[in-house]
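Visitor: Mind walking me through this one? I'd like to hear the reasoning behind each label.

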Amino acid sequence: MSEAAYAPPSAEPAAHPIAEFRGVSKRFGEVLAADDLNLSIRTGEFLSFLGPSGCGKTTALRMLAGFESPTSGEVFLDGEVVNDLAPYRRPVNMVFQHYALFPHLTVAQNIGYGLRQRRPKPPRDEIARKVRAALEIVRLEGFENRRIWEMSGGQQQRVALARAIVNEPKLLLLDEPMAALDRKLRKEMQIELQNIQRRLGITFILVTHDQEEALSMSDRICIMRDGRIVQTGTPRELYDQPRNRYVAGFVGTSNFFDGVVERADAYRARVTLGCGIALEGRVLAPVAAGQAVSVSVRPEQIRLARTATGGETGWEVTILNRIFLGEHTEYLVKHDGLGEFMVLTPRQAELSDGPFNAGERLTASWEATSALVLDNDQAPQAN
Amino acid sequence: MTQRGRNLLLLAPAGAWFLVMLVIPLAVVIIFSFGERGPAGGYVPAFTLEQYANLPARWAAFKNTLMLAPAGTLASLLIAYPLAYYLAVRADPRWKTVLLVLVIVPFWTSILIRSYAWIFLLGGRGIPALLDLIGIDNVRLINTPFAVLIGIVYGYLPLMVFPIFVNLDRLDKRLLEASADLGASPWRTFLQVTLPMSLPGIATGCLLVFILLMGEFLIPAILGGGKVFFVGNALVDLFLQSRNWAFGSAVAATLVLLMLVSVTAYMRLIRRLGAQREDVALM
Amino acid sequence: MTKDKDYISKRAFMEELDRYRRGSVTRRHFLGVTGLGTATAVLAASVPALRPRRSWAQGNIGDRVVLATWPNYHDPANFEAFTAATGAAVDMNVFGSNEEMLAKLQAGGSGWDVFVPTNYTITTYVGESLIEPLDLARIPNYDAAAFDPRFAGPGTVDGTVYAVPKNWGTTGFAVNTANLGGLPKPTTWKEFWDITRDAFSGRTMVHDYQLTTIGNALKYFGYSFNSVDTAELAEAEKLLLDAKPHLFAINSDYQPSMRSGDAWMTICWTGDGKQMNRDMPEIEYVLGKEGGELWSDFYAIPKGAPHLDAAYALIDFLLDPAVNAKESLFHGYPTPDKRVDALMPAEVLNDPILYPAAELLDALEFGAAVTLTDPNRAELMARFKSA
Ligand SMILES: Nc1ncnc2c1ncn2[C@@H]1O[C@H](COP(=O)(O)OP(=O)(O)OP(=O)(O)O)[C@@H](O)[C@H]1O
Ligand SMILES: [Mg+2]
């Protein structure tokens with residue numbers, strides 16, 4: 001297949017939504033699997049649904065594919081309400097969680113399946129050509145006549161991908177396509193998937209509960225919890241400006257110090273921790289005095305030194321544990337009042353001062369702007 | 001014990017059964033088929049092909065069997081498949097077991113009693129009387145090949161339903177979603193996924209029913225009124241009425257041979273269908 | 001010889017089903033048509049807990065006796081009385097045809113103690129050494145003088161008594177006169193076969209039994225019921241094949257179809273004729289003027305009977321005139337025993353179906369031994385059925 005066989009990314013402004021949820025809810029008996037979802041998906045973007053198991057990622061995807069229709073709200077595809085449109089009439093293809101390849105068909109027949117459903121049916125040689133091109137894209141040339149059970153897990157995953165992309169869908173849905181692969185293969189596939197997405201310009205929606213996968217591949221990530229969307233944004237936005245403690249905990253790692261707001265303005269707040277210590281932090285979303293919050297400090301924003309540096313508040317800590325990570329070293333430290341927390345030190349920093357040893361007593365410090373005061377409500381928030 | 005030894009041990013009970021219940025009787029049948037009938041019936045050792053030369057005398061029985069066994073198998077399939085499909089795919093899972101049991105319930109009663117019920121249903125005061133009410137008169141059902149066909153389908157339906165049901169029940173429903181996702185309408189999904197995937201069940205069901213039908217004698221005897229004669233009926237007569245063991249053995253050996261040939265041909269066909277699944281898929 | 005006093009009506013079907021479950025039903029039809037006379041009806045033996053304690057006063061005859069007989073040919077109450085008196089339970093094997101009984105005995109290992117052969121088969125059993133000569137001293141209830149020699153005679157072969165008489169009867173045909181539509185009632189076998197191929201097309205039944213079906217086809221031409229002459233048999237075959245498309249069924253279980261009205265005419269045994277006529281007077285029993293079959297059944301002991309004492313005890317018990325009269329009243333067939341006749345009600349003795357007039361009887365023939373084993377008759381019947 002020549003690259004041109006696939007439609008290039010839409011030339012329209014990126015804001016044009018290929019798909020949209022408007023107030024969509026889905027109820028399965030007692031379970032509210034999707035709760036008032038509002039989201040618009042831009043043409044050509046790579047969007048991920050990220051969240052723990054059972055949070056409703058697959059349900060959201062299935063409503064786009066047409067396997068479930070929403071209990072309330074509207075699902076749009078290309079500007080049309082498609083709530084009750086049968087799956088086979090939607091310009092959408094899906095890569096299933098367990099691939100769902102047809103065991104009675106060969107690899108080529110699997111990939112050509114979607115093309116054969118078109119009316120009028122494309123000529124045989126055209127199907128064969130497109131199948132070959134798709135196999136090329138997923139780097140499975142020469143596997144045409146293999147049976148599905150003769151393929152490894154990774155190869156099956158590629159066949160599933162080829163079977164979907166060969167149809168040049170407007171929207172490609174991928175439900176944890178790499179969950180069954182080992183770590184190394186998953187990394188490779190992630191890169192390949194990204195390349196394919198860029199080359200074909202198809203809008204991808206990926207479901208995953210692997211934050212690393214979401215962070216490394218997506219243009220935007222939609223964090224879900226208990227059927228709701230907690231926050232949608234680029235990986236950087238989510239990392240730097242998490243809406244609440246849940247998002248901060250899900251995207252990257254962080255140290256959280258729980259407490260109550262003592263006083264706050266639009267930019268800063270002072271939080272009193274349980275131990276009586278007061279911490280200052282930046283405010284992203286307004287908080288009020290008396291509110292339960294967490295002060296979040298990313299491990300890499302904490303510095304360790306043998307001698308206290310001026311200007312910042314220093315905390316007297318003891319090193320409990322050290323893990324060498326190559327470029328970084330991770331330390332678990334303990335402060336009498338703050339408790340245990342993580343520090344990530346770049347190798348460079350250690351050249352002058354480190355390495356530090358377990359049991360050593362040091363000073364830990366961070367800039368007040370690195371500390372974020374986040375709502376600590378465990379319940380999900382509306383988008 | 002070696003692996004080989006253990007394998008032999010595993011196969012021993014079946015092997016012994018096979019030898020005692022199949023190989024030895026079959027050998028006896030073949031030996032008898034070259035013998036002669038005694039003056040008061042029974043068997044007298046001899047070596048003659050006379051019995052085989054006499055086979056055309058049972059041509060009608062062979063013809064009936066060879067026509068009604070495939071017809072009965074096909075009719076059973078056509079009725080069993082939608083039923084199995086409904087049970088496996090459509091039925092509310094809560095009711096599945098109940099419905100399945102309902103399919104088996106008739107098996108709790110002997111085929112004899114069940115076939116008897118059909119004597120009344122097909123007799124003059126049964127279905128023909130109902131047809132008469134709507135203006136179709138003078139329909140004869142009982143003691144016709146059609147009555148035998150009905151009895152066969154009725155009697156063997158569960159044998160056809162079960163393998164197909166098991167097959168369809170195990171069918172990964174996600175494959176159906178995948179097919180729909182790739183643009184196939186429900187009917188095309190059925191033709192391209194469900195049907196080919198249930199071929200093994202169909203093949204098993206057809207084989208079971210066909211083999212049993214080849215040896216059938218009860219249903220033709222009861223619903224055919226002695227006028228629809230299968231090879232099985234000829235055998236019963238030969239062994240229990242005219243006591244012509246030699247000729248009976250020749251008929252039996254021929255029947256076994258016919259079964260072997262048709263089952264082998266059938267297996268070939270199934271295998272070819274399996275290999276040519278591309279055709280099915282390209283429909 | 002096959003006899004059928006059993007039938008199923010729609011109303012009775014559930015009862016029948018119930019009896020089948022209890023193991024006592026033995027469908028005549030099933031047996032006759034399929035030839036699978038293996039249905040074993042176990043009376044008292046099936047419920048060991050109910051078995052009465054052995055009666056020591058009668059001497060030890062063992063705890064069971066195996067009887068091979070025809071369906072519905074005994075009063076179960078008599079067997080219960082026998083078991084109560086002797087401690088031996090009666091296991092009953094029910095058969096569909098003499099051929100089938102012979103086949104089972106020829107195959108060996110039948111395990112029977114008593115069986116019920118029909119007159120014309122006894123010489124074959126003797127010839128094949130399958131039957132035990134009877135020690136009449138052990139059957140005190142058998143009084144040769146009391147039995148009609150016409151029916152008792154076939155039990156004696158070359159001066160040795162091998163079998164003692166049970167019941168006798170005739171084979172004629174039954175016709176539902178309501179369907180004649182103005183035609184005169186058929187009275188001959190010629191009319192039987194002609195009407196079958198004409199006004200009664202699709203309504204006639206013949207036995208699935210070579211003796212009577214071929215025999216009565218031979219009668220069409222005036223030949224002997226027992227003929228084994230190849231030319232005569234060829235004519236009979238032609239008639240049979242010609243009639244076959246017009247038959248409702250080839251089936252010895254004719255009562256259900258006759259009663260439901262599906263069939264209008266059938267070859268018929270005395271007892272069936274009597275039962276149908278009693279319930280539906282329009283069904284009349286006719287003895288063909290040309291003749292036909294006269295038969296009698298016997299009690300005999302097969303060679304190697306495992307419970308010989310019990311076998312003699314059972315035969316003697318059943319020949320007790322009081323017991324025998326009960327049997328006869330139960331199944332409807334007359335006995336050739338004067339002592340039993342004395343106990344029977346007058347209306348039974350005067351019944352023209354059960355006791356046909358002497359001139360009709362004289363035209364009848366006993367089945368001949370040769371028909372049982374003649375391969376040509378057997379093959380003819382098979383060709384007729386499979387045509
Ligand atoms: N067909 C259904 N019937 C009933 N409940 C369902 C159904 N499908 C999903 N659910 C429920 O809806 C909720 C969301 O399920 P969903 O499959 O969308 O989760 P998910 O985020 O994809 O989880 P995972 O990461 O484990 O795949 C769960 O509580 C699930 O049990
Ligand atoms: Mg999921």
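**Cysteines and the chain contact**

Guide: Sure, starting with a cysteine: the closest cysteine sulfur to that of Cys222(A) belongs to Cys55(A), and the gap is 9.2 Å, too far for a bond. Bear in mind that this is a predicted model.

Visitor: How do you know that 9.2 Å is too far for a bond?

Guide: A disulfide needs the two sulfur atoms within 2.5 Å. Cys222(A) and Cys55(A) have their sulfurs 9.2 Å apart, so they don't qualify. Over all chains, the count by this rule is 0 disulfides.

Visitor: Why is Cys222(A) called buried?

Guide: Buried means under 20% relative accessible area. Cys222(A) has 0%, so the label fits.

Visitor: And what makes Cys275(A) partly exposed?

Guide: Exposed would take over 50%, and buried under 20%. Cys275(A) comes out at 43%, so it lands in between and counts as partly exposed.

Visitor: Now the two chains. Why is the pair Glu177(B) and Arg62(A) called a salt bridge?

Guide: The cut-off is 4 Å between a side-chain nitrogen of Lys or Arg and a carboxyl oxygen of Asp or Glu. For Glu177(B) and Arg62(A) the closest N and O atoms are 2.7 Å apart, so the pair passes. The count between chain B and chain A is 1 salt bridge.

Visitor: Which helices of chain B each supply at least two residues of the side that touches chain A?

Guide: Those are H8 (173–181), H9 (186–197) and H14 (277–282). By type, that side of chain B splits into 11 nonpolar, 6 polar and 6 charged residues.

Visitor: How much area is buried between the chains?

Guide: About 2,200 Å², with carbon and sulfur atoms giving 57% of it. In residues, 23 of chain B are in contact with 27 of chain A.

Technical notes:
Residues numbered from 1 in each chain as written. Chains lettered and ligands numbered in written order. Predicted model: local features only at pLDDT ≥ 70, side-chain atom pairs only at ≥ 80, totals over all residues. Heavy atoms only, no water. Buried < 20%, exposed > 50% of the residue type's maximum accessible area, 1.4 Å probe, protein only. Contact = heavy atoms within 4.5 Å. Buried area = accessible area lost by both parts, 1.4 Å probe. Helix = DSSP H or I, 4+ residues; strand = E, 2+ residues; numbered from the N terminus. Nonpolar A, V, L, I, M, F, W, Y, C, P; charged D, E, K, R; others polar.
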